[in-house]
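Student: I have this one open on my screen and I'd like a close look at its sheet. Could you walk me through how the strands are arranged and what packs around them?

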Amino acid sequence: MDLRRQTPDHSGAVEARDRAAYSRPMSRPSEAKDGIAPTLAAPECPHCRKPTPFCVCEGVKPIESRLDLLILQHPQEQDRALGTARLTALHFERAVLKIGLSWPSLSKALGRPVADPSRWAVLYLGSAKATDLDTTEEVVAINRKGELEEHQRAILREIEGVVLLDGTWSQAKALWWRNAWMLKCQRIILGPAQPSRYGKLRREPRRDGLSTIEAAALILSRLEGRPDIAETLNASFAQMLKRYREAVDEQPSLAPKPRPKRDYRRRRQA
Ligand SMILES: [Zn+2]
C-alpha cells in the first residue's frame, strides 16, 4: 500500500524510467527533464524525491485516515521543486501514488479490488465551479451534468476513497478523459475558502485550483471531520514553500524554469 512498493505495471515502468533519468550523474545535465536548472548539484531525497534543500519530509508521520487516497500523476508532471504529490502520499498510511496516463479500472490503478467505485470521489474541476452552484460548502459533489447532487451529506458520508489528479490543467484534463472509469466514481469539486498558498510561485488560473497537498488537506479533513489532517498537511506545505524560497534565495540556480505558457492558453477568464 505504500508508494515504495509499487507493482511493476505500466505506471511503475514510467516511474522507474524517469527515476533513472533523474539520478544520472550531473555530467549529463542537459537531460534533466524536470525543469530544475542543470547546475543543480543537490542530491535527491529518496522519499519525496525532491532535491534535499527542498525536502521537508523528514518529520512526516503517516496519518491513519479512514479514507483511502489514490494520487494519479501525469508523467510530465515531474516538478520536483514545487510538486506535492509525493509529499502528500507520504502523509498517509492509506495512500497510493501512481504515475501514468491511463488505467483500465479503479481497481487496477489502486492495485486492489474496489467493490463499489461510486463510493470513491474523484476531484476534477473541469468547467464546473462551486461558485456557480447554490452552495457554500468547500467540498461539493456534482453529477455528470455538472449540477449539484442532491443529498450532499449522505453522498459524502459514504465516500471510502479519494482520487486526486496531479498535474497542470491540461494534464488533469487528459487524465480525466483517458480514464473512463472515473465516470463511475463520484465527481467532486472544491470551493476553497482560501486560495492556494503557492501564491506567485505557481500561477493558478483559478481561485479554486489548489496544490495536490492542499486539496488532500481540504477533502480528507472535511470528509473525516478531522481538522488535524488539514493542519498537518498545510503546515508541511507551508514548510515546503519556506524551504523552497530560502534555498532559491541562497542559490538562484535551483529555481525551476517557468512553466510553459501553453498550459494555460485555453483557460477562459471567469
Ligand atoms: Zn524528502
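Tutor: Here is a tour of the sheet, with a little background before it and a few loop residues after it.

Keep in mind that this is a predicted model. The average pLDDT of the protein chain is 83, and 79% of the residues score at least 70. The stretch to be careful with is residues 1-39, where the pLDDT is below 50; beyond near neighbours in sequence, that stretch has 44 contacts in the model. In outline, the protein chain has seven helices and six strands, and from the N terminus on they follow the pattern α-β-α-β-α-β-β-α-β-α-β-α-α. Take the contacts between residues at least 6 apart in sequence: 71% of them join residues at least 24 apart. As for burial, 36% of the 270 residues count as buried.

Now the sheet itself. It is an open sheet of six strands, ordered β2-β1-β5-β3-β6-β4, and the pairing is mixed. The edges belong to β2 (95-99) and β4 (139-142); each has a single partner strand, so one side of each is left without a neighbour in the sheet. On average, neighbouring strands are turned by 25° against each other, direction ignored.

Let's start at the β2 edge. β2 runs parallel to β1, and five bridges join the two. Within that pairing, Leu69 sits opposite Ala95 of β2. The connection is worth tracing too: β1, helix α2 (residues 85-90) and β2 form a right-handed β-α-β unit. So is this edge strand buried or exposed? β2 is mostly covered, with five of its five residues buried. Ala95, Leu97 and Ile99 point one way from the strand, while Val96 and Lys98 point the other way, and all are buried. Note that this includes Lys98.

Step across to the other side of β1 and you meet β5. Strand β1 (residues 68-73) pairs with strand β5 (residues 161-166) in the parallel sense, over six bridges. Here Leu72 stands opposite Leu165 in β5.

A good residue to click on in β1 is Ile71. Ile71 counts as buried because it has 25 C-beta neighbours inside 10 Å, where 20 or more is the cut-off. Beyond its neighbours within four places in sequence, Ile71 is in contact with Ala85, Thr88, Ala89, Ala95, Leu97, Leu164, Asp166 and Thr212. Ala95 and Leu97 from that list are the β2 residues that point one way along with Ile99. There is also a long-range pair to look for: Ile71 and Ala216 are 145 residues apart in sequence, yet 9.5 Å apart in space, C-alpha to C-alpha.

That brings us to the helix lying across the sheet. Helix α6 (residues 212-224) lies across β1, β3 (120-123), β4, β5 and β6 (186-190), and runs at about 165° to β5. The largest nonpolar core has 61 residues, and Leu123, Val162 and Val163 touch the most other members. α6 gives the most to this core, with eight residues. In soluble globular proteins, nonpolar side chains tend to be buried together. For a view from one of those core residues, pick Val163: leaving aside neighbours within four places in sequence, it contacts Leu70, Leu72, Trp120, Ala121, Val122, Leu123 and Cys185.

Finally, some loops. Between β6 and α6 you'll find Ser196. Ser196 is partly exposed, with 19 other C-beta atoms within 10 Å. Ser196 and Ser211 are 15 residues apart in sequence and 6.8 Å apart in space, C-alpha to C-alpha.

Two loop residues have a positive phi without being glycine, and they are worth viewing side by side. Arg49, in the loop between α1 (10-22) and β1, has a phi near 60°. His151, in the loop between β4 and α4 (152-158), has a phi near 55°. Their surroundings contrast: Arg49 counts as buried, with 22 C-beta neighbours inside 10 Å, whereas His151 has 10 such neighbours and counts as exposed.

Terms used:
Residues numbered from 1 in each chain as written. Predicted model: local features only at pLDDT ≥ 70, side-chain atom pairs only at ≥ 80, totals over all residues. Helix = DSSP H or I, 4+ residues; strand = E, 2+ residues; numbered from the N terminus. Buried ≥ 20, exposed ≤ 12 C-beta atoms within 10 Å, placed from the backbone. Contact = placed C-beta atoms within 7 Å. pLDDT = per-residue confidence, 0-100. Pairing = 2+ DSSP bridges. Axes fitted to C-alpha atoms, helices over the stretch in contact; angles between N-to-C directions. Right-handed = clockwise from strand over helix to strand, strands pointing away. Core = buried A, V, L, I, M, F, W, Y, C linked by C-beta atoms within 7 Å.
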